[in-house]
Amino acid sequence: MVQKITSRNARFQQWQSLLTNRNKRQRTREFLVQGVRPITLAVEHGWPVRALIHSTRRPLSRWAEDLVRDVHTERVAMAPELLAELGGKDESAPEVVAVLEMPEDDLSRIGVDDGFLGVLFDRPTGPGNIGTVIRSADAFGAGGVIVTGHAADVYDPKSVRASTGSLFALPAVRVPSQREVIAWLERHRALGRRVTIVGTDEDGATDLFDSDLTGPVLLLVGNETAGLSAAWRQLCDLTVRIPMSGSASSLNAAGAATAVLYEVSRQRIAAGRR
């Protein structure tokens, strides 16, 4: 059975609020996703779909027909002008908007082994930067992303879009402070899995290319403006700087994370560890 929504009723307003209201996303444990690749990856990786919303007027593509047939969830046909609002666009409505269930923020979702590579983003303010870091982490073989402190939301629409679906392919976990991360690392160290904490900093002690990053690594990326906090710096086993020859003195947080992740991947391929 397909439910129809053609007015700004309570159900529509609830979903619309998920675009801008972080507290409502957290309270309902759901968020919105659009786009063929992100929705396809979410389904492939087993993310629970609470509803699939499509237009009352537009015929479904083959992809959308397969989606609504194979995913057993609530199906909603919505007036195109309302669907466009849920898609966050001023022009045409997306073909499908999926309402996804948000997973628990549990560090045990991130597995640690001898080839572990993880990224920790400390107090990021830009949701687009979070999504970009998640995308780069996925591209270069990381096993998860941790977002700490008072930060932008992993499930903000800008973050979801910037990740281009990578959010659904690897764990991204939010934690309030260092305490949870330290306890998580200590549990793994007690099992014989020592993870090297590597901080990125323009004044790092070692050039990136001179650092051995082939072992288990947790890469720390600091706030876009302030960089790594003093507390995180003290916990680093190593700080690395990216050698640059142009007039730019530094890269933004997402760019720096991508550069370091590429170098980690390069080293591991060269060492035959990937």
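This short talk describes a predicted model of one chain, from its division into domains to a single buried residue.

Good morning, colleagues. Let me begin with the overall layout. The chain is divided into domain 1, residues 3-101, and domain 2, residues 107-271. Between the C-alpha centres of domain 1 and domain 2, the separation is 31 Å.

How many residues of domain 1 are in contact with domain 2? The count is 15 residues on the domain 1 side, and they meet 14 residues of domain 2. About 1300 Å² is buried between domain 1 and domain 2, with 56% of that area on carbon and sulfur atoms.

I turn next to the polar part of this interface. Between domain 1 and domain 2 there are 5 residue pairs in polar contact, both partners being at pLDDT 80 or more. The count of salt bridges between the two domains is 1. R25 forms a salt bridge with D153, and the closest N and O atoms of that pair are 2.9 Å apart. On the side of domain 1 that touches domain 2, the elements giving two or more residues are α2 (22-28), β2 (30-34) and α3 (36-44). Of that side, α3 supplies the largest share, with 4 residues.

Before leaving the N-terminal part of the chain, I would like to mention helix α1, which covers residues 10-17. N9 caps the N-terminal end of α1, with a side-chain oxygen 3.2 Å from the backbone nitrogen of R11. Within α1, the residues F12, W15 and S17 are buried.

Now to the sheet. An open sheet is formed by 7 strands in the order β8-β7-β6-β11-β9-β12-β10, and the pairing is parallel. Its edge strands are β8 (172-175) and β10 (206-207), each of which pairs on one side only.

Strand β11, residues 217-221, deserves a closer look. Are its faces covered or open? Both faces of β11 are covered: V217, L219 and V221 lie on one side, L218 and L220 lie on the other, and all are buried. That amounts to 5 of 5 residues buried in this strand.

The neighbours of β11 can be taken in turn. Strand β6, residues 117-122, pairs with β11 in the parallel sense over 5 bridges. Across this pairing, L120 stands opposite L220 in β11. Strand β9, residues 196-200, runs parallel to β11 and is joined to it by 4 bridges. Here V198 is placed opposite L219 of β11.

Strand β6 has a further partner in β7, residues 144-148; these two strands run parallel and are joined by 5 bridges. In that pairing F121 stands opposite V147 of β7.

I close with D122, a residue of strand β6. Why does D122 count as buried? Its relative accessibility is 3%, and buried means under 20%, so D122 falls in that class. The side chain of D122 makes a polar contact with the side chain of W232, at 3.5 Å. Setting aside residues up to four places away in sequence, D122 touches T148, V221, G222, N223, S229 and W232. Two of these names can be placed on strands already discussed: T148 belongs to β7, which spans residues 144-148, and V221 belongs to β11, where it is buried.

Thank you for your attention.

Definitions and conventions: Residues numbered from 1 in each chain as written. Predicted model: local features only at pLDDT ≥ 70, side-chain atom pairs only at ≥ 80, totals over all residues. Heavy atoms only, no water. Buried < 20%, exposed > 50% of the residue type's maximum accessible area, 1.4 Å probe, protein only. Polar contact = N/O pair within 3.5 Å; in protein donor to acceptor, adjacent residues only side chain to side chain. Pairing = 2+ DSSP bridges. Domains from an automatic or database assignment. Contact = heavy atoms within 4.5 Å. Buried area = accessible area lost by both parts, 1.4 Å probe. Salt bridge = Lys/Arg side-chain N within 4 Å of Asp/Glu carboxyl O.
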